[in-house]
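Colleague: I am new to this structure and would like to start with one part of it. Please take me slowly through the surroundings of the ligand, from the pocket down to single atoms.

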Amino acid sequence: MRKPATLFTLLRRLAPSGGARTRADAALKTVRLLATGGTIAGAGEGSSVSYRAGVVPIGAILRAVPGLDAVAKVSAEQVANVGSEDVDQSIWLTLLGRIRVALADPEVAGIVITHGTDTLEETAYFLSLVLPSAKPVVVVGSMRPGTATSADGPENLLDALRVASADEACDRGTMVVMNDTIFDPEMVTKVDVRRVNAFAAPSRGPIGDVLTGRPRFFADATPHDAAFPVVGPAWPRVAIAYAYAGFQGDDVRAAANGAEALVIAGVGAGSFSAGARQAVKALTARGIPVVRTGRQGMGDVWFNPPSMGDMSDAALGTIAGRELPPAKARILLLLALQTPRSREELQSLFDRYGAGGR
Ligand code: SIN
């Protein structure tokens, strides 16, 4: 089922093409490309096994993409050039500033961000929570560097440009494109360390594909207009503790040391041991928000009712992280805690932005 067109979509469909340009040129949309590094900007010794991410400048990457001129008019900008393990909140703020400038430019139809795949889903989820959804913002990477035999970067980049310049992609906000597939940032996760089909949305599946040169969407866009329009520069410190057999109160206390909030990657449906529960109760009694998530990467950690006794969220003072994996639950807390909020308010944010129900 298609969403009704917004004013923005209608204006784009009705917009006249420029007089002096050729027909083919006039049909092409302008896409702003913001480069941050990753394997898509990686280079090695002729093999995909050994290479460095975040070394090739965006100009050189674009020159190596065949047929790019027929897909979109691209204006590119290097925002950073790092492996995505080094993407941090300061890079997010710089990127956000550049995206906002591009979104305000009436010539720009959509935005593509090249990014390392290791934390790509985190940047995409962050952007989905802070940006308006009218123009498409597409985050893309590759699993193999440009120097590899059968590199996947050029096709992924072309697909990202196709999505960013397609009318069908408007009003969908931030998306992830990898390996012919379009994903919702809330649901997408990297599930393989090397294969080109490294990304999946295990709970709900992808929202579309790019197999024929045009994006095809098979899921409705979920409305998620700029939930947190004002961001930073003061971020709370939010830590993550990973539960395991033998996880104890000391592990919780060590992880939470100095943190303003804690996410627990729990076993099962966000559970943790009796010792860890005591430590969590002590934190929540001091007003430190603690979110329970699952370490499995799939499934809904919902609010535990009082009938669950000392494992209930009421007894623990905790928040249920719903379908968000620990790293994304941390991002929602980073943004939510820029304003003081009660546990009930935080839970309703997780229900809204962590369970596919936006
Ligand atoms: C990175 O995340 O920067 C390295 C890995 C990749 O892009 O695939």
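Modeller: Happy to! One term comes first: a polar contact is a pair of N or O atoms within 3.5 Å. Please also keep in mind that this is a predicted model.

Let us begin with the space itself. The ligand sits in the second largest pocket, whose volume is about 370 Å³. Around that pocket there are 22 lining residues, and T39, Y51, A53, D118 and M143 are the ones nearest its centre. Two elements each give two or more residues to this lining, namely the strands β3 (51-52) and β4 (73-82). Sorted by class, the pocket lining consists of nine polar, seven charged and six nonpolar residues.

Now move in to the ligand. The shell of residues around the ligand is made of G38, T39, A53, G83, S84, G116, T117, D118 and S142. You have met some of these names already: T39, A53 and D118 belong both to this shell and to the residues nearest the pocket centre. By class, the shell holds seven polar residues, one nonpolar and one charged. Glycine counts as polar in this scheme, so G38, G83 and G116 are among the seven. The nonpolar residue is A53 and the charged one is D118, because Ala is classed as nonpolar and Asp as charged.

Which atoms lie at short range from the oxygen atoms of the ligand? Three residues are worth finding in the picture. In T117, an N or O atom of the side chain is 2.4 Å from a ligand oxygen. In S84, a polar side-chain atom is 2.6 Å from an oxygen atom of the ligand. In D118, the partner is a polar atom of the backbone, and its distance to a ligand oxygen is 2.9 Å. Each of these pairs is within 3.5 Å, so each fits the meaning of a polar contact given at the start. How much of the ligand is covered by the protein? On its own the ligand exposes 250 Å², and 93% of that area is buried by the protein.

For orientation, here is another space to look for once you know the ligand site. The structure also holds two cavities of 30 Å³ or more, and the largest cavity contains about 70 Å³ of space. Its lining includes E186, M187, V188, P202 and K328. By class, this cavity lining has five nonpolar, three polar and three charged residues.

To find the ligand again, look for S84, T117 and D118, then follow the pocket outward to β3 and β4.

Notes:
Residues are numbered from 1 along each chain as its sequence is written. This is a predicted model: local features need pLDDT of at least 70, side-chain atom pairs count only at pLDDT 80 or more; totals for chains, interfaces and linings use all residues. Side-chain values use heavy atoms; hydrogens and water are left out. On a 1 Å grid over the protein atoms alone, a cavity is a set of points where a 1.4 Å probe fits but cannot get out, and a pocket is an open set with protein on both sides within 12 Å along at least five of seven lines; lining residues have an atom within 4 Å of a point. Grid points are joined across faces, edges and corners, and a volume is the space filled by probe spheres set on the points. Helices (H or I, at least four residues) and strands (E, at least two) are DSSP runs, numbered from the N terminus. A residue is near a molecule or strand if one of its heavy atoms lies within 4 Å of it. A polar contact is a pair of N or O atoms within 3.5 Å; within protein, one must be able to donate a hydrogen and the other to accept it, and residues adjacent in sequence count only if both atoms are side-chain atoms. Accessible areas come from the Shrake-Rupley method with a 1.4 Å probe; for residues, only the protein chains shown count as cover. A molecule sits in a cavity or pocket if more than half of its atoms lie within 2 Å of its grid points.
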